[in-house]
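Me: I'd like to learn how to read a few features straight off a model. Can we go through them one at a time?

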Amino acid sequence: MRSERPVGVPAWIFVPAALGGALVLLPLAGMLSRVEWGDFWSLVSSDSALTALSLSLRTSAASTVLCLVLGVPMALVLARTRFPGQGVVRSLVLLPLVLPPVVGGIALLYTFGRRGLLGGQLDALGVQVAFSTTAVVLAQTFVSLPFLVVSLEGALRSAGSRYETVAASLGARPTTVFRRVTLPLVLPGLVSGAVLSFARALGEFGATITFAGSLEGTTRTLPLFIYNLRVTDPDAAVAMSLVLVVVAVLVIAAARPGRSTT
Amino acid sequence: MEARVLDRDVDVALEVGDGETVAVLGPNGAGKSTLLAVVAGLLRPDAGRVELDGRELTGPRAWVAPHDRRVALLAQDPLLFPHLSALENVAFGPRSAGTRRTAARTAAQDWLDEVGVGELADRRPGQLSGGQAQRVAVARALAAEPRVLLLDEPMAALDVAVRPALRQVLRRVLAGRSVVLVTHDVLDALLLADRVVVVEGGRVVEEGPTDAVLTRPQSAFAARVAGLNMVTGTWRDGAVVAADGTTVAGLADGPAPAPDEPVVAVFRPSAVSVFRDAPGGSPRTSLAVRVTELEPHGDQVRVHAGHLAADITVHAAADLDLAPGSDVVFVVKASEVTVYGNAGPLESAP
């Protein structure tokens, strides 16, 4: 059988490439080697484990919805309009990507916390955000929003605006153009952006523990649960880690780029 | 519809009567696309006005959004929405105007039938050939019931073999509509347009009924589109004398021009004979030229020499041993040269 070989990859390049692959995969193997298969089901189906898993899935889903509601308009404004200072705004939107999550958590705490920027007003309304499930969702949204905005803005730019121009010349109002042309054209980018956001929200740790604390059933998501368990019950921690790995692998499979059919 | 566009290097005025098709001819970069973009509302010019049925669409104080203009644009590329079937593409305009789904789909099917691709209604754009896709795009533009249809070289991207069929479709469906057609093709202008406007360097250099412009062109571009040799100059002793001294004997079409009146001489490339040395005989014009290019033209060879051209047989070209750089003599009989008055460059109407 013939096979085409790309030209110009030096042979030595495979050595660091393989090392890199090993760095990613070996820890997984290490973790797998520590899984107590006999107790696996009882460990992952304990009440507190199921509570944490369910809380993680619900908050991640909520924050993904929030990312879509806020991020799609953000991406559209960045990709399709021009305003002074747009470059600065675009960079600032990416800030949560590079900020240590703990710093994000502190920032959120001093904004929505009781003594924060908006804390007084929220208190007057009888709303306390910090250390509640709402705080978990806010922290997850804060860190995962850039993933959606970046991938959607890229999709919008590569789709271009020619179809939108045609739609307008056919009499479609801007909202109709958005709903019937823009969104369907960038759907693959939107889906992969949403899946990435969901994955980032699911793995969120630093901002959550800083801003929302670790209260079982309210703010103790799966990563926080595993972190707590690590000392008291290492076997359960490893088992739950494996659950998180499986979920992450499923998410990556769903969002793998280059799978779009159009 | 009336449009006046004043932008960077463009100053063009265009008027389209109700039910009239106007072809806009001109070389690339002449300002044709700017004109269409302004009329469609995709570009706001530095200054200018667009008025449709007495309603100001673009003006110093008026601005109507593209979707609210009832001006549809059809470009070279059909740009069918890839996620919709052919039928849904055509139904897009009626749906956007608030027509109910079933009524919009019925209308869309009628339009697809009208342009001859009714049986492709369920296909996705990716499953259509270029010609089929452009027909669907025509149906889609018409289904939106625009007051003015803008066609930007609608056949330029199509295979030459499928152009005649689409041209016939356009000839049928454009009849009685207000259309601005930007084109490079003399056949498009002849078959589709009532009137021709020639734009060059951002200015209207010539306009008039299609036949008149193509048989008695005033501008070099119109002559080239019409496939005619053109020499402009002044009338002297039965000949046109150009500024560079080129003298072409010809017969006046219409009243004889006065001496030194600005005139234009046109003659077909097929009326030109090519010799290595000037032959004798009087009622002929001999022009010593240097060959710049040879290109196949049907079963003949078109010999270009600067802005003049001659069509000769392949045999003749071989006998003369022609190549770019050859010095030859173009000879044309006076009876083959039509001479008429030169109106001079047109001023854009204020």
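Me: Let's start with helix α9 of chain A: is it mostly covered or mostly open?

Reply: Burial here is a neighbour count, and 20 or more other C-beta atoms within 10 Å makes a residue buried. In this predicted model, α9(A), residues 162-169, comes out mostly covered, with six of its eight residues buried. Those are A:Glu164, A:Thr165, A:Val166, A:Ala167, A:Ala168 and A:Ser169.

Me: What covers the buried residues of α9(A)?

Reply: For that you look at contacts, and they come from both chains. The cover includes α10 (174-185) of chain A, and from chain B it includes α1 (32-40), β6 (71-74) and α2 (86-96). While you're there, check the backbone just past the helix: A:Gly171 has a positive phi of about 100 degrees.

Me: How many residues does each chain put into the contact?

Reply: Chain A gives 16 residues and chain B gives 17. On the chain B side, the elements that supply two or more residues are β6 and α2. Sorted by class, that side of chain B has 12 nonpolar, four polar and one charged residues. You'll also meet another way of sizing things up: an interface is often described by the accessible area lost when the parts come together.

Me: What ipTM and pTM does the predictor give the complex?

Reply: The ipTM is 0.79 and the pTM is 0.80. For a per-residue view, go to pLDDT: chain B averages 87, and 97% of the residues score at least 70.

Me: Where in chain B is confidence lowest, and where is it highest?

Reply: Strand β1(B), residues 2-7, is the low end with a mean of 80, while α2(B) is the high end at 95. Keep an eye on residues 346-350 of chain B too, where pLDDT is below 50; that stretch has 10 contacts in the model beyond near neighbours in sequence.

Me: Now a single residue. Why is A:Thr141 called buried?

Reply: Count its neighbours again. A:Thr141 is buried because 28 other C-beta atoms lie within 10 Å. It belongs to helix α8(A), residues 133-159. Setting aside neighbours within four places in sequence, A:Thr141 is in contact with A:Ser63, A:Leu66 and A:Cys67. A:Leu68 is 73 residues away from A:Thr141 in sequence, and their C-alpha atoms are 9.9 Å apart.

Me: And zooming out, which domains does chain B have?

Reply: The domain assignment gives domain 1 as 2-215 and domain 2 as 229-341. Their C-alpha centres sit 38 Å apart.

Methods: Residues are numbered from 1 along each chain as its sequence is written. Chains are lettered from A and ligands numbered from 1 in the order in which they are written. This is a predicted model: local features need pLDDT of at least 70, side-chain atom pairs count only at pLDDT 80 or more; totals for chains, interfaces and linings use all residues. A residue is buried if 20 or more other C-beta atoms lie within 10 Å of its own, exposed if 12 or fewer, and partly exposed in between; C-beta atoms are placed from the backbone. Helices (H or I, at least four residues) and strands (E, at least two) are DSSP runs, numbered from the N terminus. Two residues are in contact if their C-beta atoms, placed from the backbone, lie within 7 Å. pLDDT is the predictor's confidence in each residue, from 0 to 100. Ala, Val, Leu, Ile, Met, Phe, Trp, Tyr, Cys and Pro count as nonpolar, Asp, Glu, Lys and Arg as charged, and the others, Gly among them, as polar. Domain bounds come from an automatic or database domain assignment.
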